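Morning, everyone. Please have the sequence and the structure open while I talk.

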Amino acid sequence: MIDFYYAPTPNGWKVAIMLEECGLDYELKLMDLHSGEQFEPEFLKISPNAKMPAIVDHDPPDGYGDEPVPVFESAAILFYLADKIGRFAPERSDRRAMKELDEWLFWQTGSQGPMAGQLSHFKNYAPDNERDYGFKRYLGEFDRNLGVLENRLADRSYIMGEDYSIADIQAFPWAFIAKPLGASLDDFPRVADWRGRIKQRPAVQRAIDLAKDKQNRGRHRVDNNDIIFNQSSKSLKPKQAEN
Ligand SMILES: N[C@@H](CCC(=O)N[C@@H](CS)C(=O)NCC(=O)O)C(=O)O
């Protein structure tokens, strides 16, 4: 059994998709990020960056010892699960393909993900009088990353080739919500096609429906929530720094 710390956001969907694709049993630990559950000491032991998704695997593969295995950061979780189950990643012995998988997981984690996250912040949560500059900046970066993906898909159906993999699972959720973020896929036909094919997968449908009624949908904004949106950085300071 796997404990799955989750809230219904694009980052949460990545791991939900993988768990559903693999048919792994999991216990949903639904988190309310706006009330600050991510700063609880017990959760920080699992996810020191105070963010979901995270998992704890109570039945780890050989080589991890007998203790349950905590994993944080979506790409690391997808990689761990792909390795555990032997699906959605190239053979480990194919060093060139593994190198490419790393590149695209790091690209998502360091580029597409953070830029989309900031775009979402300025689109959905920033105070009206401070929105424009940030929105324009991150929309440009979001588009630039769509262009990177468009080029990658020029000669292949999926990021790693003809097989759907964790690289696609990692990159799909932010492309999935391009329109609500204020972006458009009109200039990125291959991305639009790739998105459409992934969206139709039954496991993906189940994942994006998981706890759908708990989606934030703009209920909490910078001006009505002092837990999230950078207000709680104090919660992560080492104790001695507070004295
Ligand atoms: N790079 C991280 C991003 C995770 C992330 O940003 N999670 C957000 C929700 S989408 C979160 O838990 N935010 C809580 C907070 O910032 O306090 C990953 O891919 O796992």
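I'll start with the first helix, α1. How many of its 13 residues are buried? The count is 12, so the helix is mostly covered, buried here being under 20% relative accessible area. Among the buried ones are Trp 13, Val 15, Ile 17 and Leu 19. Charged names appear there too, since Lys 14, Glu 20 and Glu 21 are also buried. Bear in mind that this is a predicted model.

Next, the length of α1. With 1.5 Å for each residue, its 13 residues should span 18 Å. The C-alpha atoms at its two ends are 19 Å apart, which agrees. Right after α1 comes Gly 23, with a positive phi near 65 degrees.

Now the strands. Strand β1 covers residues 2–6 and strand β2 covers residues 26–30; the two run parallel and are joined by 5 bridges. Which residue of β2 is the bridge partner of Phe 4? Leu 28 is. To get from β1 to β2, the chain passes through α1, residues 10–22, and this β-α-β crossover is right-handed.

From the record: an unreviewed UniProt entry annotates residues 1–89 as "domain: GST N-terminal". Over that stretch the chain is 35% helix and 20% strand, and the end C-alpha atoms lie 22 Å apart.

Last, a residue further along. Asp 132 belongs to helix α5, residues 132–152. Is Asp 132 buried or exposed? Its relative accessible area is 62%, and the cut-off for exposed is over 50%, so Asp 132 is exposed. From Phe 88 it is 44 residues away in sequence and 39 Å away in space, C-alpha to C-alpha.

How values were computed. Residues are numbered from 1 along each chain as its sequence is written. This is a predicted model: local features need pLDDT of at least 70, side-chain atom pairs count only at pLDDT 80 or more; totals for chains, interfaces and linings use all residues. Side-chain values use heavy atoms; hydrogens and water are left out. Two strands pair if DSSP finds at least two bridges between them. Helices (H or I, at least four residues) and strands (E, at least two) are DSSP runs, numbered from the N terminus. A crossover is right-handed if, with the strands pointing away from the viewer, the path from the first strand over the helix to the second runs clockwise. The expected span of a helix is 1.5 Å times one less than its number of residues. Buried means under 20% relative accessible area, exposed over 50%, partly exposed in between (1.4 Å probe, protein chains only). UniProt positions are given in the numbering used here, feature names are shortened, and annotations may be inferred rather than shown by experiment.
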